[in-house]
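User: I am new to this structure and would like a close look at one part of it. Please start from the whole and then work inwards.

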Amino acid sequence: MNDDPAYETESAGIRVRVRPSYLAGQSDPEAGRWVWAYQVEIENRRESPVQLIARHWVITDAKGHVEEVRGSGVVGEQPVIQPGDRYAYASGCPLSTPSGSMVGSYAMTDDLGRPFEAAIPAFSLDVPGGRRTLN
């Protein structure tokens with residue numbers, strides 16, 4: 001993980017921690033493109049294995065434009081996470097504004113195949129040193 005601030009929540013026995021970071025080298029503000037990476041760590045605090053099946057993201061830019069993203073697994077995987085174990089991955093998000101926010105959930109199943117949702121904490125995407133906008 002990096003040194004950027006972490007956003008964290010726990011629901012249904014699953015702790016999710018997210019650390020976003022601005023990617024200046026991949027951004028082009030003159031062309032209206034700002035890019036962030038985010039590192040996610042998912043910890044299974046339950047007493048049995050779980051599997052991450054799908055993701056749902058709600059991405060909001062500084063103008064209030066909302067985009068919903070749904071998909072199978074994360075980064076091409078549907079990991080099984082054993083009790084006490086963690087699964088980590090990194091991804092990214094481009095925006096057409098210099099700030100925004102993301103929030104979401106993971107669709108998961110328990111060891112008996114029963115579905116449940118695990119919350120992803122809301123987190124802010126802000127250009128370092130820029131004016132922060134409530135999204």
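How much accessible surface does the chain have, and what share of it belongs to carbon and sulfur atoms? After that, what can be said about the hairpin of S1 and S2?

Analyst: This is a predicted model, in which local features need pLDDT of at least 70 and side-chain atom pairs count only at pLDDT 80 or more, while totals for chains, interfaces and linings use all residues. Residues are numbered from 1 along each chain as its sequence is written, and side-chain values use heavy atoms, leaving out hydrogens and water.

The accessible surface comes to about 7,200 Å² (Shrake-Rupley method, 1.4 Å probe), and 47% of this surface belongs to carbon and sulfur atoms. Of the 135 residues in the chain, 40% are buried (under 20% relative accessible area; exposed is over 50%, partly exposed in between). The radius of gyration, taken over C-alpha atoms, is 15 Å, which agrees with the value near 14 Å for a compact globule of 135 residues (2.2 Å times the number of residues to the power 0.38). Along its principal axes the C-alpha trace spans about 50 × 30 × 25 Å.

The chain has 0 helices and 9 strands (DSSP runs: H or I of at least four residues for helices, E of at least two for strands). Among contacts (heavy atoms within 4.5 Å) with a separation of 6 or more, 62% join residues 24 or more positions apart.

Now the hairpin. Strand S1 covers residues 7-11 and strand S2 residues 14-22; they pair in the antiparallel sense over 5 bridges, where pairing requires at least two bridges found by DSSP. Within this pairing, Thr9 of the chain faces Val16 in S2. The hairpin has 2 residues between the strands. Ala12 lies in this loop and has a positive phi near 55°, although the residue is not glycine. Most residues other than glycine have a negative phi. Ala12 is partly exposed, at a relative accessible area of 41%. A positive phi of about 40° also occurs at Val75, in the loop between strand S5 (66-72) and strand S6 (80-81); Val75 is partly exposed at 48%.

Tyr7, in strand S1, connects the hairpin to a distant part of the chain: its partner Phe123 lies in strand S9 (residues 115-126), 116 residues apart. The two rings form a tilted aromatic pair, with 6.1 Å between the centres and 45° between the planes. (Rings of Phe, Tyr and Trp, the last by its six-membered ring, pair with centres within 6.5 Å; planes under 30 degrees apart are stacked, over 60 edge-to-face, the rest tilted.) The two partners differ in exposure: Tyr7 is partly exposed at 24%, whereas Phe123 is buried at 2%. Ring pairs join Tyr7, Tyr38, Trp57 and Phe123 into a cluster.

Trp57 leads on to strand S5, which holds Val69: Trp57 is one of the residues that Val69 touches, together with Arg55, His56 and Ile59, not counting residues up to four places away in sequence. Val69 is partly exposed at 24% relative accessibility. Its C-alpha atom is separated by 22 Å from that of Ala12 in the hairpin loop, and the two residues are 57 residues apart along the chain.

Notes: Buried < 20%, exposed > 50% of the residue type's maximum accessible area, 1.4 Å probe, protein only.
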